[in-house]
Amino acid sequence: MNNLCRSLLAAIWITAAWPAQLAGADEPRLWYDRPATNWSEALPIGNGRLGAMVFGNPARERLQLNEESLWAGCPTEAWPADYFKHLEEVRRLVLAGKNTEASTYGVQRLAATPTSFRSYEPLGDLWLDFGDGAAVSDFRRELNLAEGIARTTWKRGDATLVREVFVSASDDVIVVRVTTDKPGTLSFGISLKRERQATISSRGADRLNLDGQIIDVEKKDGGYEDNPGLSGPGGAHMKFAARLVALAHQGDVKAEGDKLRVTNATGATVLLTAATDYNLSKLNFDRSIDPGKKSETILNRAAKKPYSELLSRHLAEHRAMFNRVSVRLGEVDPAREKLTTDARLAAVKKGADDPGLVALHFQFGRYLLMSSSRRPARLPANLQGIWNDRMWAPWESDFHLNINLQMNYWPAGPANLAETAEPLMDWFELLARRGRESARRLYESDGWVAFLATNPFGRVTPSASTLESQFLNASLDPMCGAWMAAQLFDYYQFTGDRKFLARLYPVLQGASEFVLDTLVPTPNGTLAMVPSTSPENQYIHPETKKRIRITAGSTYHMSLVHAIFNATDRAAAILGKDENTRERIAEATAKLPPLKLGPDGRILEWAEPYQEAEPGHRHVSHLVGLHPFDLITPATPELFAGARKVLDYRLAHGGAGTGWSRAWTVNFFARLQDGEAAREHYLALLSRSTMPNLLDTHPPFQIDGNFGATAGLCEMLLQSHEQVSGSKPSDQQFVLALLPALPNAWPTGSVKGLRARGGIVADFDWKDGKVTAIRLTSASPRAVQVRVNGALRSVDTQRRPGK
Ligand code: FUC
């Protein structure tokens with residue numbers, strides 16, 4: 001081919017990419033002027049099921065790969081013998097005030113191995129080796145959140161190279177595209193790697209296969225890897241595979257051993273997909289699934305489409321979700337907008353105010369939820385979303401149900417990403433079904449139960465790293481599943497999707513059924529959860545002066561009892577069914593003790609005014625009634641004031657130390673209508689718990705802080721948990737509060753597309769702290785009560801086309 005011809009073809013090739021490169025110069029993006037040197041600088045992309053961290057190194061690009069269901073282990077449960085009998089004894093001891101004895105008794109008899117389960121694992125790495133070490137100039141890498149594309153551009157000599165990477169939800173593949181503007185000069189190697197248990201081979205001239213199976217080894221001598229309490233049997237467990245094809249534009253692709261090599265090309269596209277033999281409906285791996293074949297089918301389908309089609313399908317799907325919401329906080333500062341994202345973050349760490357970075361971080365949270373929890377995903381976003389590079393991840397990267405998974409989904413409703421809850425619901429519904437067995441076997445109760453930590457295998461017996469922790473952190477907290485269920489009802493309130501509610505109802509009803517069976521009468525005639533605890537804090541025993549966790553009727557548990565009862569009752573009313581459950585809930589509710597204040601006016605964490613072992617503890621579980629639920633509002637002024645005191649006290653003692661705890665604090669202050677404090681803690685999250693790639697650090701990386709912060713900003717700008725007085729349970733109406741917690745630092749701004757309960761979508765602008773324009777839409781037009789600029793007004797909504 002002569003050079004003119006090559007140039008023409010190159011021009012056509014590059015034109016195909018223009019829509020992506022030119023569109024939306026002001027779209028939110030993270031950008032850097034150096035390649036990532038470590039994981040906490042790399043940029044996450046994902047389609048819910050497949051994820052990658054893109055390092056953006058010009059010479060040697062690494063994509064660290066994940067597939068959501070690639071888990072070590074197998075279904076494991078721990079069934080301590082005679083659990084119910086021993087539980088009754090623990091109850092008796094606690095009700096007799098013998099908490100120390102109850103704790104020792106429980107640890108000895110109510111825990112069993114395997115105490116825990118194995119970890120979520122990485123799929124491997126894709127390496128693109130440009131290995132010439134030539135001098136690089138004009139380097140830039142970015143993640144455009146609206147496009148869902150990680151893009152690296154650089155110059156080598158006078159050639160400009162562009163690498164674009166995205167994960168298409170429409171075609172379920174990772175797409176890497178490399179181009180140069182010097183036709184025929186592009187050459188690079190392609191290889192796949194995995195630390196263990198995988199073989200890599202080439203097939204034909206342009207394909208790579210990765211085939212693997214996790215082989216777990218059980219250590220019977222008292223420890224398995226980092227989990228001293230055992231993690232289940234060894235054996236040949238999950239199978240997995242990845243399939244890759246490289247397509248060169250001009251130039252050649254050929255296989256060299258277990259690698260591919262692209263030579264003398266003008267552009268190249270690498271497609272990769274992966275699968276495991278995990279079967280969600282079985283909550284197990286399933287040998288009838290061939291992950292290699294499954295991957296190949298997906299890959300071949302995608303490979304038939306030209307790059308331009310893959311790109312346009314991806315952009316259309318991604319933008320349709322992402323662009324629902326836009327936000328501007330304060331005046332845009334062009335000088336800051338010109339800084340790299342890590343430089344902006346570093347400036348905030350030094351005390352700079354940067355509302356634009358808050359807005360970017362908020363949008364990044366939305367982007368992360370889309371990228372870790374949308375179809376084709378079948379599993380919810382775990383502790384790291386889907387991004388994990390460790391063979392044994394911190395806390396197994398599991399589904400933690402004493403705040404973390406719940407926090408992951410706080411933005412789903414308000415940040416207008418309803419679809420992201422679908423994978424959560426798929427899995428959670430099955431978990432609840434499985435949890436019927438543990439309710440029956442452990443509590444002799446109806447309904448279902450789930451505890452602190454669980455996984456894709458649907459563990460429904462208490463799980464933690466040691467026997468002691470299994471009892472004290474997991475067994476003592478049987479309300480974790482009910483919390484998640486009640487939150488899913490709240491999610492419904494944002495969408496109004498009755499089909500979803502009908503599907504959720506058995507989950508809600510089963511959670512309430514368990515609670516109805518499990519509440520026990522206390523000597524003062526009220527009902528309480530016994531034994532009980534407040535995650536993961538301890539109190540100082542008034543007599544022994546020792547730290548202890550076990551108690552009766554913690555505020556956390558009793559608040560969750562209210563929350564699940566309210567959710568079930570409201571759901572039954574809306575669906576017009578199950579009067580029987582509603583009556584039983586009403587009877588039990590009448591016997592629940594009120595939330596109490598201590599002598600210093602703080603809401604009590606435990607039923608008694610015990611002294612906290614850690615007054616600055618990261619969990620503030622006694623405030624679940626303030627957020628995410630609606631038990632503590634300005635309509636309950638004493639509790640509202642008591643909640644504020646709880647927070648002030650926690651924070652005065654070093655509270656909000658972890659990313660997620662800081663993010664929760666933002667939400668709490670927003671609910672307390674304190675915009676200054678909410679902003680202060682948002683900035684603290686950025687300066688203390690955020691890595692250069694804007695991912696949250698617990699430490700280490702844990703994604704809940706990102707999601708919690710995104711939800712927190714929604715709470716600052718728009719709230720809708722107040723019910724219109726007199727509105728019927730079957731037809732709930734909510735009051736929308738605009739700018740309930742606006743800080744002085746953002747006097748002007750605008751937001752579009754936030755969702756409120758009742759299925760309303762709100763756009764509004766503000767100036768000098770006052771709302772200047774409102775536009776509300778709903779499926780059918782109606783009048784909505786709105787608190788705005790200090791007054792309660794009625795605002796008519798406009799009809800929203802489509803859903
Ligand atoms: C809870 C928290 C920890 C951590 C873990 C995954 O146990 O107390 O801080 O977030 O979950």
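In which loop, between which two helices, is the place of Asn416? In this predicted model, Asn416 is found in the loop between helix H9 (404–408) and helix H10 (421–443). Although Asn416 is not a glycine, it has a positive phi of about 60 degrees, and its relative accessible area of 7% places it among the buried residues, since buried means under 20%. A positive phi of about 60 degrees is also found for Asp578, which is likewise not a glycine. Asp578 belongs to the loop between helix H14 (555–575) and helix H15 (579–590), and with a relative accessibility of 23% it counts as partly exposed.

Two cis peptide bonds may be described next. One joins Thr113 and Pro114, with omega at about -5 degrees, and Pro114 is located in the loop between H3 and S5. Another runs from His698 to Pro699, with omega near -5 degrees, and here Pro699 lies in the loop between helix H18 (675–688) and helix H19 (704–717).

His698 also takes part in the surroundings of the ligand, which are made up of Leu383, Trp395, His400, Asn402, Asn404, Glu536, Arg618, His619, Trp660, His698 and Gln702. An N or O atom in the side chain of His698 is 2.6 Å from an oxygen atom of the ligand. For the side chain of Glu536, the corresponding distance between an N or O atom and a ligand oxygen is 2.3 Å, while a polar side-chain atom of Gln702 is placed 2.9 Å from an oxygen atom of the ligand.

With regard to the interior, the largest nonpolar core comprises 231 residues, and those with the most contacts inside it are Ile190, Trp427, Ile564, Phe565, Leu713 and Leu717. Apart from this core lies another, of 13 residues, which include Ile149, Val175, Ile298 and Leu310. When neighbours within four places in sequence are left aside, Trp427 is in contact with Leu280, Leu283, Arg378, Leu379, Pro380, Phe399, Leu405, Thr454, Asn455 and Pro456.

Trp427 is also a member of an aromatic cluster, which it forms with Trp71, Phe117, Tyr120, Phe399, Phe428 and Trp448. Across the whole structure, 27 aromatic pairs are found. One of them is formed by Trp71 and Phe117, whose rings are 6.3 Å apart from centre to centre, with 55 degrees between the planes, and are described as tilted. Because Trp71 lies in the loop between strand S4 (60–67) and helix H2 (83–95), and Phe117 in the loop between helix H3 (99–109) and strand S5 (124–129), the pair ties together parts that are 46 residues apart in sequence. Trp71 is buried, with a relative accessible area of 0%, and Phe117 is buried at 1%. Trp71 also pairs with Tyr120: the ring centres are 5.9 Å apart and the planes stand at 35 degrees, so this pair is tilted. It links distant parts of the chain, 49 residues apart, since Tyr120 lies in the loop between H3 and S5 and Trp71 in the loop between S4 and H2. Tyr120, like Trp71, is buried.

Charged side chains are also placed over aromatic rings. Arg141 lies over the face of Tyr32, at 4.4 Å from the ring centre, and the charged end of Arg366 is positioned over the ring of Phe322, 5.2 Å from its centre. Tyr32 appears again among the contacts of Asp342, a residue of helix H7 (residues 341–349). Neighbours within four places in sequence excluded, Asp342 is in contact with Trp31, Tyr32, Arg34 and Pro692, and its side chain makes a polar contact of 2.8 Å with the side chain of Thr340.

Definitions and conventions:
Residues numbered from 1 in each chain as written. Predicted model: local features only at pLDDT ≥ 70, side-chain atom pairs only at ≥ 80, totals over all residues. Heavy atoms only, no water. Core = buried A, V, L, I, M, F, W, Y, C linked by side-chain atoms within 4.5 Å. Buried < 20%, exposed > 50% of the residue type's maximum accessible area, 1.4 Å probe, protein only. Contact = heavy atoms within 4.5 Å. Phe/Tyr/Trp six-rings, centres within 6.5 Å; stacked < 30°, edge-to-face > 60°. Helix = DSSP H or I, 4+ residues; strand = E, 2+ residues; numbered from the N terminus. Lys NZ or Arg CZ within 6 Å of the ring centre and 35° of its normal. Near = heavy atom within 4 Å. Polar contact = N/O pair within 3.5 Å; in protein donor to acceptor, adjacent residues only side chain to side chain.
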